[in-house]
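Thanks for making time, everyone. Please pull the structure up on your screens before I start.

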Amino acid sequence: MLKHQLMDNAFAIDGNHEPGKKKAAEYGLIEYIKENGNDPQINDTLRVLRIFDDERLNNDFEACCEMAAPIFDRLSSANEWDFYDIRILAGVVDYADTYEKANVMAKAALEKLEEYANEERYAIIKLSIHMNILLRLLRARYYDLDNISDPKAFKTLELMFELHFDAVMFVSEDGDFPMQKAAAVVRKGIFYRDNKLAGEGFSVLESLKEYEAHKMLQDEATEYEFYSGLTISRSQFNSMVGRNIRRERNTCKLSIDDIAVILDMTPAAVGLMERGDRGQTSFNLCKLAEVFGITADVFFKDTESGPTPSKLRLKKAHIHKFVAYANRLSEDEMELVTMVAKNLSELKQRNNPE
């Protein structure tokens with residue numbers, strides 16, 4: 001069936017995201033919709049590809065959760081899931097808005113998957129679900145629990161983690177999946193803050209020459225090490241960063257719409273960011289620091305005031321603003337703006353010859 005072949009092509013990209021293959025897969029799915037009308041599975045497969053791409057470029061967990069929400073809504077209300085619904089869920093189960101929801105959806109998918117035990121990719125999809133749940137539980141370990149010191153709360157999370165970790169070990173031993181087994185060991189080491197255990201997993205990945213997986217997991221370890229050192233919850237941290245962004249934006253006399261254009265976001269997303277309802281990527285924070293004429297560490301300080309305002313900071317901020325707006329113009333629009341600016345300059349010189 002053409003539809004399933006197109007979805008197979010999309011899922012075969014896995015985590016490599018080769019630009020040519022990704023573009024071809026997306027094009028095929030979009031053309032299918034144009035010819036056959038909207039299809040829930042095709043739409044969700046396109047969402048999965050965009051989530052993978054956004055994660056690779058921005059590592060924005062909250063934004064990926066927002067993109068994954070329609071997938072969870074559809075599958076939560078569906079009476080039946082087929083093999084391709086399970087494949088879709090396997091790709092985004094780690095983007096459920098809570099780790100409890102992720103675990104419930106994963107259990108449902110794994111139970112349904114047993115009906116397709118003879119399918120070619122049965123084992124790797126099963127592993128993907130368990131591995132992605134380990135990742136979601138890692139995020140819960142550092143992001144979700146405002147009071148992780150509560151032994152009861154951590155014990156619930158720990159038991160869930162061990163269940164999925166043991167499942168990865170079982171499936172890996174039963175098949176030929178040394179990379180997934182090593183990656184699970186690394187994630188367990190990160191979860192328990194056991195550097196020796198994580199190091200053992202990293203060593204295996206190096207011996208297998210799995211350099212891409214090694215880098216991805218190293219980035220995870222670095223990120224969670226940073227958040228584990230915070231003395232405030234992630235929601236408090238996001239609120240603090242948002243307040244500082246709003247303060248510096250006002251200092252530089254920029255609007256929410258201006259920031260949206262500069263960061264290529266929607267004004268609503270900027271509003272969520274400033275209220276602390278979503279976190280921000282390091283890329284966006286570095287970009288904002290450049291626009292505001294400050295260092296990025298200013299965003300991470302819980303203070304009422306920032307660096308002293310200056311005319312130079314204001315001028316640089318508005319140059320960034322004009323450049324961002326200009327980049328949205330077509331060649332004809334840019335030519336018109338250039339002509340108007342030139343005429344205004346000549347008019348100003350005639351009125352003020354000195």
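I'll go through some salt bridges, then a surface patch. One caution at the outset: this is a predicted model.

Start with the total. How many salt bridges does the count come to? The count comes to 22 salt bridges.

I'll pick out a few. Find Glu162 and Lys188. Their side chains meet in a salt bridge, at 3.5 Å from N to O. Glu162 sits in helix 8, residues 151–174, and Lys188 sits in helix 9, residues 178–191, so this pair ties together parts that are 26 residues apart in sequence. Now look at cover. Is Lys188 buried or exposed? Lys188 counts as buried, because its relative accessibility is 18% and the cut-off for buried is under 20%. Glu162 has a relative accessible area of 21%, so Glu162 is partly exposed. So the two partners fall on either side of that 20% cut-off.

Next pair: Arg246 and Glu274. These side chains also meet in a salt bridge, again 3.5 Å from N to O. Here distant parts of the chain are linked. Arg246 belongs to helix 12, residues 234–251. Glu274 belongs to helix 14, residues 267–275. The two are 28 residues apart. What is the relative accessible area of Glu274? The value is 3%, so Glu274 is buried. Arg246 is partly exposed, with a relative accessible area of 29%.

Third pair: Lys301 and Asp297. They form a salt bridge, and the closest N and O atoms are 3.0 Å apart. Both ends are partly exposed: Lys301 is at 42% relative accessibility, and Asp297 is at 34%.

Salt bridges can also share partners. Which residues do they join into one network? Asp44, Arg47, Arg74 and Asp85.

Now to the nonpolar side. Turn to helix 17, which covers residues 331–351 and holds Met339. Met339 is part of a nonpolar surface patch. The patch takes in Leu336, Met339, Val340, Leu344 and Leu347. Its area is about 450 Å². Why can Met339 be in a patch at all? Patch residues need over 30% relative accessible area. Met339 is at 46%, so Met339 clears that cut-off. By the same value, Met339 counts as partly exposed.

To recap, keep two places on screen. One is the bridge from Arg246 to Glu274, which links helix 12 and helix 14. The other is the nonpolar patch that includes Met339. That's my part done; over to you.

Terms used: Residues numbered from 1 in each chain as written. Predicted model: local features only at pLDDT ≥ 70, side-chain atom pairs only at ≥ 80, totals over all residues. Heavy atoms only, no water. Patch = residues over 30% accessible without salt bridge, like charges linked within 9 Å, V, L, I, M, F, W, Y side chains within 5 Å. Areas by Shrake-Rupley, 256 points an atom, 1.4 Å probe, with all protein chains shown as cover. Salt bridge = Lys/Arg side-chain N within 4 Å of Asp/Glu carboxyl O. Helix = DSSP H or I, 4+ residues; strand = E, 2+ residues; numbered from the N terminus. Buried < 20%, exposed > 50% of the residue type's maximum accessible area, 1.4 Å probe, protein only.
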